[in-house]
Amino acid sequence: MARFISLLFFLSLSLCCCRSQSQGSKMSVRLHSGGRPLTLAAPVELECVISGHGLSDSGVSWMRQNRDSAPEFILFITSLGRVASTENGKPPARFKAKKESNYRLTVTSFQEQDQGNYYCIVNHNQRLHFSSGIPLYLPAPPTAAPTTKATTPPPSTTARSKDPGDCKHSPKTAKAPKKGMDLSCDFYIWVPLASACLLLLIALLATITVCQKTRRRRCKCKRPMNGSNGKPSMPNRYV
């Protein structure tokens with residue numbers, strides 16, 4: 001219902017537009033908050049400046065038009081400073097109006113849905129007089145700078161000094177094909193192996209020497225003695 005009334009009001013404004021422009025009235029809306037940037041939930045006060053003769057005695061209607069919507073009626077204030085009742089009998093929330101030297105509209109807590117172009121309109125002698133609009137939009141939020149991930153340098157492939165710990169390969173790492181001779185690793189492998197072979201050779205030579213000495217030993221058996229002179233007796237077959 002409220003949208004239908006606002007559309008009818010907008011049509012009546014457009015029909016009377018040409019007639020109102022012929023009067024050459026001077027009306028404007030200015031921001032009464034000192035030119036400070038708009039902030040969310042902050043109060044905003046607008047002032048309708050009327051310079052035409054007799055226009056300030058006819059009351060003022062306040063309207064707002066967003067970028068992608070039709071004009072929307074806010075409220076009407078009489079020349080005595082009284083806010084006219086709306087459909088529900090109450091003034092719109094967050095909006096207050098008063099009349100001092102000029103007509104003023106206050107948004108007590110500016111919200112995102114309150115953004116748009118604001119106009120004040122005077123109906124005088126069956127003619128509509130429009131003011132120049134003033135845009136009220138919140139500043140765009142700052143865009144965050146894109147974060148760049150820190151790149152890790154690739155592992156160095158330069159040759160480094162060899163030490164005994166390099167010969168121990170981890171089971172998790174793949175074995176690379178060996179090119180040429182690694183003298184440091186060969187030294188720690190072949191020296192113990194040569195020493196072991198030398199010890200085995202010495203042990204073998206010692207065993208051979210002991211065996212030869214054992215074979216050279218003669219078995220000295222004692223024969224039975226039959227004479228008084230201690231000579232061995234002859235066998236019985238020779239008697």
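Two strands are taken to pair if DSSP finds at least two bridges between them, and helices (H or I, at least four residues) and strands (E, at least two) are themselves DSSP runs, numbered from the N terminus. In this predicted model, local features need pLDDT of at least 70 and side-chain atom pairs count only at pLDDT 80 or more, while totals for chains, interfaces and linings use all residues. Residues are numbered from 1 along each chain as its sequence is written, and side-chain values use heavy atoms, with hydrogens and water left out.

A good place to start is the overall layout. The protein has three helices and nine strands, which follow one another along the sequence as α-α-β-β-β-β-β-β-β-β-β-α. Of the 239 residues, 22% are buried, where buried means under 20% relative accessible area, exposed means over 50%, and partly exposed lies in between (1.4 Å probe, protein chains only).

Strand S3 (residues 60–65) illustrates the pairing of strands. Five bridges join S3 to strand S4 (residues 72–77) in the antiparallel sense, and the two form a hairpin with six residues between them. Within this arrangement, Arg64 stands opposite Glu72 in S4.

Arg64 also takes part in a charged contact. A salt bridge is defined here as a side-chain nitrogen of Lys or Arg within 4 Å of a carboxyl oxygen of Asp or Glu, and the structure holds seven of them. Arg64 forms one with Asp114, the closest N and O atoms being 3.5 Å apart. This pair links distant parts of the chain, with Arg64 in strand S3 and Asp114 in the loop between S6 and S7, 50 residues away. Arg64 counts as buried because its relative accessibility is 8%, and Asp114, with a relative accessible area of 2%, is buried too.

The residue after it in the numbering belongs to this loop as well: Gln115 lies between strand S6 (103–107) and strand S7 (116–124). Gln115 is buried, with a relative accessible area of 17%. Its C-alpha atom is separated by 8.9 Å from that of Arg67, although the two residues are 48 apart along the chain.

Arg104 is a second centre of charged contacts. Its side chain meets that of Glu45 in a salt bridge (3.3 Å, N to O). Arg104 lies in strand S6 and Glu45 in strand S2 (residues 44–50), so this pair ties together parts that are 59 residues apart in sequence. Both partners are buried; for Arg104 the relative accessibility is 12%. Arg104 also meets Glu100 in a salt bridge (3.5 Å, N to O), but Glu100 is partly exposed, with a relative accessible area of 42%. Together with Lys98, the residues Glu45, Glu100 and Arg104 are linked in a network of salt bridges.

Aromatic rings were examined next. Rings of Phe, Tyr and Trp (its six-membered ring) pair if their centres lie within 6.5 Å, with planes under 30 degrees apart counted as stacked, over 60 as edge-to-face and the rest as tilted. By this rule, the count is zero aromatic pairs. Charges over rings do occur, by the criterion that NZ of Lys or CZ of Arg is within 6 Å of the ring centre and within 35 degrees of the ring normal. Arg67 lies over the face of Tyr137, at 4.0 Å from the ring centre, and Lys99 lies over the face of Tyr103, at 5.4 Å.

Two loop residues have notable backbone angles. Most residues other than glycine have a negative phi. Ala41, however, has a positive phi of about 70 degrees; this residue is found in the loop between strand S1 (27–31) and S2, and at 47% relative accessibility it counts as partly exposed. Asn125, also not a glycine, has a positive phi near 55 degrees. Asn125 sits in the loop between S7 and strand S8 (127–130) and is exposed, with a relative accessible area of 57%.

The surface also carries a nonpolar patch, formed by Leu198, Leu199, Leu201, Ile202, Leu204, Leu205 and Ile208, with about 690 Å² of accessible area together. Patches are made of residues with over 30% relative accessible area and no salt bridge; like charges are joined within 9 Å, and nonpolar side chains (Val, Leu, Ile, Met, Phe, Trp, Tyr) within 5 Å. Accessible areas come from the Shrake-Rupley method with a 1.4 Å probe, and for residues only the protein chains shown count as cover. Within the patch, Ile202 lies in helix H3 (residues 183–216) and counts as partly exposed, at 48% relative accessibility.
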